[in-house]
Amino acid sequence: MKKQSEIREILSANNIEYVVKTTNLQSATVVGSQRAYTGNYGINQDYSYEYKIYVRKKDFDKAVCLIN
């Protein structure tokens with residue numbers, strides 16, 4: 001979460017429009033999940049969400065240079 005926040009700040013400071021898509025990696029699937037049986041015990045919550053940050057194609061190269 002900290003990294004995606006830093007990236008969003010960099011993109012905003014450089015006037016690059018972006019969209020963030022968040023996925024909960026601990027959510028149950030249609031078939032079921034191991035979490036349904038074991039709960040959240042022992043799972044590092046820092047890695048429970050996946051953040052995908054999208055920018056326009058024309059801004060992609062600039063965005064990559066700025067965040068690396």
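Here is a short walk through helix α1, its neighbours and one buried loop residue. The model is predicted, so local features need pLDDT of at least 70 and side-chain atom pairs count only at pLDDT 80 or more, while totals for chains, interfaces and linings use all residues. Residues are numbered from 1 along each chain as its sequence is written, and side-chain values use heavy atoms, leaving out hydrogens and water.

Let's start with α1, which covers residues 2-13. Helices here are DSSP runs of H or I with at least four residues, strands are E runs of at least two, and both are numbered from the N terminus. From first C-alpha to last, α1 spans 17 Å, close to the expected 16 Å (1.5 Å times one less than its number of residues).

Now look around the helix. Q4, I7 and L11 are buried, meaning under 20% relative accessible area, with exposed being over 50% and partly exposed in between (1.4 Å probe, protein chains only). They share one side of α1, because their arc around the axis is only 60°, taken from the directions from the axis to the C-beta atoms. K2, E9 and A13 sit exposed on the other side.

What do the buried residues of α1 pack against? They pack against β1 (18-24), β2 (49-55) and α3 (60-67), where contact means heavy atoms within 4.5 Å. On the α3 side, K3, I7, I10 and L11 of α1 meet A63, L66 and I67.

Finally, visit S48, in the loop between α2 (35-38) and β2. S48 counts as buried because its relative accessibility is 1%. Leaving aside residues up to four places away in sequence, S48 touches T23, N24, L25 and Q26.
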